[in-house]
Amino acid sequence: MSLLRKTIFLVACLTLVFGVAVASAQEFKWDMALEYAATSIHGENDSYFIKLLKEKSGGKITITHHPGASLGYKSKDQFDAVTDGALPLADTYVGPLRGIDPIFLLSSLPFLAKTIDEAKILWQVSKPYYEKVLQKSNQILLLVSPWPPSGVWAKKPIRSLDDLKNLKIRTYDPNGTITFKNIGAAPIQLSWSDVVPQLGTGGIESVLTSAEGGVSSKFWDLLSHFTEINYSAPLNMIHMNADAYKKLTPELQKTLLAVAAETDDRAWETAKGRVQQNYKDMKAHGMTVVTDCPSSVVDALAKAGQPAVDEWLGKMGPDGQKILDEYRKRLGK
């Protein structure tokens with residue numbers, strides 16, 4: 001081998017070794033947005049994910065958490081920001097993403113999945129559809145976390161259909177808007193960060209959300225009753241910009257996915273026991289928790305929500321029916 005070739009070979013080897021060393025030593029510092037409070041079930045889940053990832057990556061991946069929409073992003077904005085790379089990752093409630101794809105309305109279809117266990121089965125059936133949509137948007141899905149089942153926060157108990165008539169109730173997506181409009185209420189669709197201001201000014205007088213959602217925002221300062229109806233258990237997801245993911249070494253990619261899987265399992269288990277703790281906190285702050293809403297009211301709400309299901313099926317096409325059929329099959333229905 002000539003001296004020139006030996007020199008070129010040596011330079012190439014040194015470049016390769018140096019490049020690998022730089023990649024292995026590189027640290028990644030990311031910002032992560034969340035529209036909900038740090039004390040919410042999703043805020044706490046994010047903290048668990050961030051702490052575990054830093055630990056398992058040996059400090060090579062650190063994430064600064066920005067809860068409470070502190071970066072100025074609402075859930076819908078977060079999706080676009082992650083697609084564009086303005087945010088490397090975010091924890092996003094999926095309902096506002098309906099304009100991107102109707103799959104994001106699945107988890108909040110009225111009275112389809114009324115418990116955490118049912119919501120998990122629905123998620124397992126539909127996961128490939130979510131992943132496909134995110135892939136088209138230059139994203140990867142790391143994990144999902146469920147909300148405990150939604151009920152009605154108000155200044156009165158919901159014991160009859162008359163209690164819902166003309167009730168100015170906040171809904172979180174078109175499914176709820178359709179359902180409560182059909183029952184005779186006056187629904188207003190709002191992002192979470194707009195709820196407390198609207199309650200304070202009288203723009204709304206009740207809220208469709210979980211016990212968890214109201215506890216994390218201290219609704220007892222403005223409302224007195226929570227009526228359990230188990231309307232749905234919708235999802236949040238932690239999603240990541242694909243380009244940011246590809247910058248990780250294969251080892252760190254493996255670590256990230258393992259931490260995400262562990263956090264996903266924790267999220268589902270945490271949600272199961274959250275409701276009773278929420279009820280305890282609510283009662284401690286003088287709230288009345290109604291757990292015996294008449295079945296006639298719930299049945300009427302389910303009937304009022306059927307057009308939302310039908311509309312979703314129309315938008316999803318054959319895939320929608322396939323998902324519902326497989327879900328019901330797994331439920332044994």
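Which side chain meets that of Lys272 in a salt bridge? It is Glu269, with 3.6 Å from N to O. Keep in mind as we go that this is a predicted model. Lys272 and Glu269 are 3 residues apart in helix 9, so about one helical turn separates them. Lys272 is partly exposed, with a relative accessible area of 44%.

Let's stay with salt bridges for a moment, since the count for the model comes to 9. In helix 10, the side chains of Glu311 and Lys315 form one of them, at 3.4 Å from N to O. These two residues are 4 apart in the helix, and therefore about one helical turn separates Glu311 from Lys315. Glu311 is partly exposed, at a relative accessible area of 38%, while Lys315 counts as exposed because its relative accessibility is 53%, and the cut-off for exposed is over 50%.

Another salt bridge joins distant parts of the chain. Glu212 pairs with Arg274, and their closest N and O atoms are 2.6 Å apart. Glu212 lies in helix 7 (residues 211-216) and Arg274 in helix 9, 62 residues apart. Both Glu212 and Arg274 are buried. If you look for further partners, you will find that Glu44 is linked with Glu212 and Arg274 in a network of salt bridges.

Helix 9 (residues 250-284) also holds Thr255. Thr255 counts as buried because its relative accessibility is 17%, and buried means under 20%. Leaving aside residues up to four places away in sequence, Thr255 touches Leu53, Lys56 and Ser57.

Now turn to the strands. Strand 1 (residues 28-34) and strand 2 pair in the parallel sense over 6 bridges, and Trp30 has Ile63 in strand 2 as its bridge partner. Together with helix 2 (residues 41-56), strands 1 and 2 make a right-handed β-α-β unit. In strand 2 (residues 61-66), 5 of the 6 residues are buried, so the strand is largely enclosed by the rest of the structure.

Elsewhere, strand 9 (residues 225-228) pairs with two strands you can trace in turn. With strand 5 (residues 150-154) it runs antiparallel, joined by 4 bridges; here Gly151 is partnered by Glu228. With strand 11 (residues 288-290), strand 9 runs parallel over 3 bridges, and Thr227 has Val290 as its bridge partner.

Helix 3 (residues 75-84) is a nice one to view end on. Its buried residues are Ser75, Gln78, Phe79, Ala81 and Val82. Seen down the helix axis, they fall within an arc of 170°, so they line one face of helix 3. That buried set packs against strand 1, strand 3, helix 4, strand 4 and strand 10. The face turned away from the buried side carries the exposed residues Lys76 and Asp84. Just after helix 3, Gly85 takes a positive phi of about 90°.

Finally, look inside. The largest nonpolar core has 75 residues, of which Phe104, Leu106, Phe180 and Trp312 touch the most other members. Helix 10 (residues 295-316) gives the largest share of this core, 9 residues. Apart from residues up to four places away in sequence, the contacts of Phe180 include Val152, Leu164, Ile229, Tyr231 and Leu301. A second, separate core of 21 residues includes Met32, Leu52, Val259 and Ala260. In soluble globular proteins, nonpolar side chains tend to be buried together.

Technical notes: Residues numbered from 1 in each chain as written. Predicted model: local features only at pLDDT ≥ 70, side-chain atom pairs only at ≥ 80, totals over all residues. Heavy atoms only, no water. Buried < 20%, exposed > 50% of the residue type's maximum accessible area, 1.4 Å probe, protein only. Contact = heavy atoms within 4.5 Å. Pairing = 2+ DSSP bridges. Right-handed = clockwise from strand over helix to strand, strands pointing away. Arc of directions from axis to C-beta. Core = buried A, V, L, I, M, F, W, Y, C linked by side-chain atoms within 4.5 Å. Salt bridge = Lys/Arg side-chain N within 4 Å of Asp/Glu carboxyl O.
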